[in-house]
Amino acid sequence: MIKENEFVYVANIDELKEKVGKKVFAGDDEVALFKVNGKIYALGNICPHQHASIIFQGFIEESCVVCPAHGWEFNLETGKRKFGNKGLETCEVLLKGKKIFVRTKTKNSMW
Ligand code: FES
């Protein structure tokens with residue numbers, strides 16, 4: 001059974017620079033936050049290629065975040081790769097004033 005997690009406060013929007021990632025934690029889950037064109041995206045921070053905690057250091061190209069290690073690209077909205085499987089999970093984002101909250105999908109099992 002899939003258990004929905006609660007929204008968790010992770011950062012203030014002023015802490016984010018445009019197209020520069022930030023690693024945060026939602027409970028035990030590592031999340032990579034990005035602000036692109038003013039919109040907030042939250043994805044799993046562990047790259048599925050070599051299970052490295054590195055996605056927050058990725059760079060933004062068009063609608064994707066590119067892993068800095070070997071260049072795998074993940075869509076910011078869906079977490080999916082253009083080709084192949086092994087995408088990133090995405091989190092729901094809730095903005096209350098300047099406070100960013102995220103909700104991961106299933107406790108301790110999304111990355
Ligand atoms: S670790 Fe991310 S592409 Fe290799």
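**Exercise 1. Count the salt bridges in this predicted model and look at three of the pairs.**

Step 1. Start with the rule: a salt bridge is a side-chain nitrogen of Lys or Arg within 4 Å of a carboxyl oxygen of Asp or Glu. The count comes to 6 salt bridges.

Before going on, a word on the ground rules. Residues are numbered from 1 along each chain as its sequence is written, and side-chain values use heavy atoms, with hydrogens and water left out. As this is a predicted model, local features need pLDDT of at least 70 and side-chain atom pairs count only at pLDDT 80 or more, while totals for chains, interfaces and linings use all residues.

Step 2. Take glutamate 15 and lysine 22: their closest N and O atoms are 3.4 Å apart, which makes a salt bridge. For accessibility, buried means under 20% relative accessible area, exposed over 50%, and partly exposed in between (1.4 Å probe, protein chains only). Glutamate 15, at 42%, is partly exposed, and lysine 22, at 26%, is partly exposed too.

Step 3. Now turn to lysine 82 and glutamate 73, a salt bridge with its closest N and O atoms 3.3 Å apart. Lysine 82 is exposed because its relative accessibility is 58%; glutamate 73 has 25% and counts as partly exposed.

Step 4. Finish with glutamate 92 and arginine 103, whose side chains meet in a salt bridge at 2.9 Å, N to O. This pair links distant parts of the chain, 11 residues apart: glutamate 92 lies in strand β10 (residues 92–96) and arginine 103 in strand β11 (residues 99–103). Strands here are DSSP runs (E, at least two residues), as helices are (H or I, at least four), numbered from the N terminus. Glutamate 92 is partly exposed, at 40%.

**Exercise 2. How many disulfides does the whole structure hold?**

Step 1. Look for a pair of cysteine sulfur atoms within 2.5 Å, the cut-off for a disulfide. The search finds 0.

Step 2. Check cysteine 64: the nearest cysteine sulfur belongs to cysteine 67 and is 13 Å away, and cysteine 64 is in no disulfide. Cysteine 64 is buried, at 7%, and cysteine 47 is buried as well, at 4%.

**Exercise 3. Which residues have the most contacts inside the largest nonpolar core?**

Step 1. Apply the definition: buried Ala, Val, Leu, Ile, Met, Phe, Trp, Tyr and Cys residues joined through side-chain atoms within 4.5 Å.

Step 2. The largest core has 15 residues, and Phe34, Leu43, Ile55, Val65, Phe74 and Leu76 have the most contacts inside it. β3 (29–36) and β4 (39–44) each give two or more residues to this core, with β3 giving the most, 3 residues.
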